Amino acid sequence: MRMNTTKLSFYLSLLAGVVLLTSCKRDTKVEDDPQPKNNNVMVSLSFECDGKAITKDVFDYTNDAGNNYSVNRLQFYLSEFVFKQSNGTEVTDESAIYVDYFENKGMNFTLGKIPFGEYDEIRFCIGLPPSLNVTDALPNTLDNVNMAWPVMMGGGYHFMKMEGNFNTPSSTYGYAVHLGKNAFLVRIKILQHFSFSTSNQKLNMKMNINEWFRNPHLYNLDVDGNYTMANDTLMAKIAENGTDVFTLW
Amino acid sequence: MVKKIIFLTAAVSLLIVTSCKKEKDDTNFNGAPYNPTPYSITIPAHFPQPIIPASNATTVEGVKLGRMLYYDPLLHPTNSMSCSSCHFQEFGFCTPTNEVMPHVNLIYSNNFLWNGMISGTLEDAMRFEVNDFFQADMSKFQNHPDYPRLFFEAFGSSTPTAENAAKALAQFFRTMISSDSKFDKFLRHQTVLTMEEAIGFNMFFTEKADCFHCHSIPLTSDYQLHNIGLDSVFNGVNVGHYANSGNPADLGKFRTPSLKNVALQSAFMHDNRFSTLEEVVEFYNSGVKHSPSLDPIMTKPGKENGLGLTAYDKYCLVQFLNTMTDTVFLNNPALSSPF
């Protein structure tokens, strides 16, 4: 049977339309993720000083020792996440997250495969576990290079750099609170109920920078010292104070 | 009707062919198609992996064009100078006797010029160089016998533009990597340092001299801005990054320079105030001036009166700095003038 020309034109046009629609498909195929990501948790960080937002280079903060201070650098690693479910099961994530507050790096990050459910506890570290606190253990990025702890001083990485200035009655001085070395890994443990579900896969954590200077040690930048690196006594005080710098909200 | 079908078929075929055309201009230039060759920048194993903008992928043709632009005075309104007029390869792409910053390992930088006036990518820095520093008249390149072809080969358009000139320069800059100094070879365990160099190295990378916080391993620069205490009162060029930000906290802040080939220089700091490495070391040892914007790293307790380095310590530091000279980089033919 011969197709009449009108029908032929119609089918040709239809064919052309289909070809047009499909021919420009991108070469790169996006693979379907075999693992549904419904148990990834987005962690969002925020920072404050006793309720005040942290603004670079502003002398708007006063610690318990009375130091009026500013901040111009706040960089650190987070690692060794452990989520404890209400039934006692612990879920770990061994990611190491680099955070630079003023460069807006690591302020939001994902931890994978955290099951939905009820939780009563979260633990993590500010710094790196001994297995990663080894020179060149982290990926060779400019951020990690600039956090290196010199080999001659033990190697590994700075766990944290918090720097700024503080006022004394006579002048303004700088401070550099640097943490490093395995002994001064800051272990955080927050006992608080929270849950993850299809409608809630987010965890908000806030650092109060004034906590670095109190509890259990009242830390005075002018008296105790404004430079902690290579001073184990000062790093120990800061590390012990740091166990409650983060809260969930 | 048959004619109608043929016409329709032809139209459909044309539509199919033209609808899938790539966005880039792939027309020919004198018969040659636009077909740039990807350029693989060799990153030494002990260097960090750089971040290269996807919007300016490095190509053989782009690097070639950037190299020509670097050495060609055509970029200057009166054809009187090029980048290479101040940035001499034999001195590490700087002028040894003045404050010209060296062009080395800038693939990692996101702050440019001494006072960090330009921040962002190398493309941003090169846009400033082409448009503001040189104020290039791109029509001169349009009328040049070779450049339209070179721009076409690099970017698919034979019309030389300031934007593509900046991109080409950025690509060439990314190939200016110095990684073969004695210091680099030491880091790669390919050589050993002398006793004095090793003592200097140890002081440099510990709290004794504490150079490492800004001049970090292996790049010898963190590419960030610091007030290292050159002044306590700030005037003119000495205000540093304050000139850009207006923020008093930025007074006296300058970008950390790379120390690669530093021993070849006879002028140091942003204003040439020191003429020898010995003077520079002595400044850090005893000349740091206090001011509210002084970098916290420079205000260590117990070192208010300087680092307390002995004459031998200072000698060793200079010996270590001498290991930064990279003769492979200084003589790399791929970075030399193509003219």
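1. Let me start with one residue in this predicted model. Asn227(B) sits in the loop of chain B that runs between strand 3 (225–226) and helix 9 (242–245). Is Asn227(B) buried or exposed? Its relative accessibility is 2%, so Asn227(B) counts as buried, the cut-off being under 20%.

2. The side chain of Asn227(B) has polar partners worth a look. One is the side chain of Ser291(B), joined to that of Asn227(B) by a polar contact of 3.1 Å. There is also the backbone oxygen of Leu251(B), which lies 3.4 Å from a polar atom of the Asn227(B) side chain. Leaving aside residues up to four places away in sequence, Asn227(B) touches Phe234(B), Leu251(B), Gly252(B), Lys253(B), Ser291(B), Ser293(B), Leu294(B), Asp295(B) and Met298(B). If you click through these neighbours, you will meet Ser291(B) and Leu251(B) again among them.

3. Asn227(B) also leads us to a cavity. Which residues line the second largest cavity? Asn227(B) is one of them, together with Ile228(B), Gly229(B), Leu230(B), Asp231(B), Phe234(B), Asn238(B), Gly252(B), Phe254(B) and His270(B). Sorted by class, this lining has four nonpolar residues, five polar ones and one charged one. The space inside comes to about 40 Å³. Phe234(B) and Gly252(B), which belong to this lining, are also touched by Asn227(B).

4. Now for the cavities as a set. Rolling a probe the size of a water molecule over the atoms shows where empty space is left. How many cavities of 30 Å³ or more does the structure hold? There are two, and the largest has a volume of about 80 Å³. Its lining draws on both chains: Arg73(A), Asn146(A), Lys161(A), Glu163(A) and His178(A) come from chain A, while His213(B), Asp222(B), Gln224(B), His226(B), Asp295(B) and Ile297(B) come from chain B. By class, the lining of the largest cavity divides into one nonpolar, five polar and five charged residues. Asp295(B), part of this lining, is one of the residues that Asn227(B) touches.

5. On cysteines, the tally is short: the structure holds zero disulfides over all chains. Cys214(B) is in no disulfide, and the nearest cysteine sulfur, that of Cys211(B), is 9.2 Å away. Since a disulfide needs the sulfur atoms within 2.5 Å, that spacing does not qualify. Cys214(B) has 11% relative accessibility and therefore counts as buried. Cys94(B) is buried too, with a relative accessible area of 0%.

6. Next, the backbone. Most residues other than glycine have a negative phi, and most peptide bonds are trans. Here are some exceptions to check by eye. In chain A, a cis peptide bond joins Asn215(A) and Pro216(A), with omega about 5°. Pro216(A) is in the loop between strand 13 (202–208) and helix 3 (232–241) of chain A. In chain B, Ile217(B) and Pro218(B) are joined by a cis peptide bond with omega about 0°. Pro218(B) belongs to the loop between helix 8 (195–204) and strand 3 of chain B.

7. Positive phi values turn up in both chains. Lys113(A), which is not a glycine, has a phi near 55°. You will find Lys113(A) in the loop between strand 8 (108–111) and strand 9 (117–126) of chain A. Its relative accessible area is 56%, so Lys113(A) is exposed. Leu113(B), also not a glycine, has a positive phi of about 70°. The loop that holds Leu113(B) runs between strand 1 (111–112) and strand 2 (118–119) of chain B. How exposed is Leu113(B)? At 29% relative accessibility, Leu113(B) counts as partly exposed.

8. Finally, the chains as wholes. Chain A has three helices and 14 strands, whereas chain B has 12 helices and four strands. Of the 249 residues of chain A, 47% are buried; for the 339 residues of chain B, the share is 52%. Among contacts with a separation of 6 or more, residues 24 or more positions apart account for 70% in chain A and 67% in chain B.

Key
Residues are numbered from 1 along each chain as its sequence is written. Chains are lettered from A and ligands numbered from 1 in the order in which they are written. Side-chain values use heavy atoms; hydrogens and water are left out. On a 1 Å grid over the protein atoms alone, a cavity is a set of points where a 1.4 Å probe fits but cannot get out, and a pocket is an open set with protein on both sides within 12 Å along at least five of seven lines; lining residues have an atom within 4 Å of a point. Grid points are joined across faces, edges and corners, and a volume is the space filled by probe spheres set on the points. Ala, Val, Leu, Ile, Met, Phe, Trp, Tyr, Cys and Pro count as nonpolar, Asp, Glu, Lys and Arg as charged, and the others, Gly among them, as polar. Helices (H or I, at least four residues) and strands (E, at least two) are DSSP runs, numbered from the N terminus. Buried means under 20% relative accessible area, exposed over 50%, partly exposed in between (1.4 Å probe, protein chains only). A polar contact is a pair of N or O atoms within 3.5 Å; within protein, one must be able to donate a hydrogen and the other to accept it, and residues adjacent in sequence count only if both atoms are side-chain atoms. Contact means heavy atoms within 4.5 Å.
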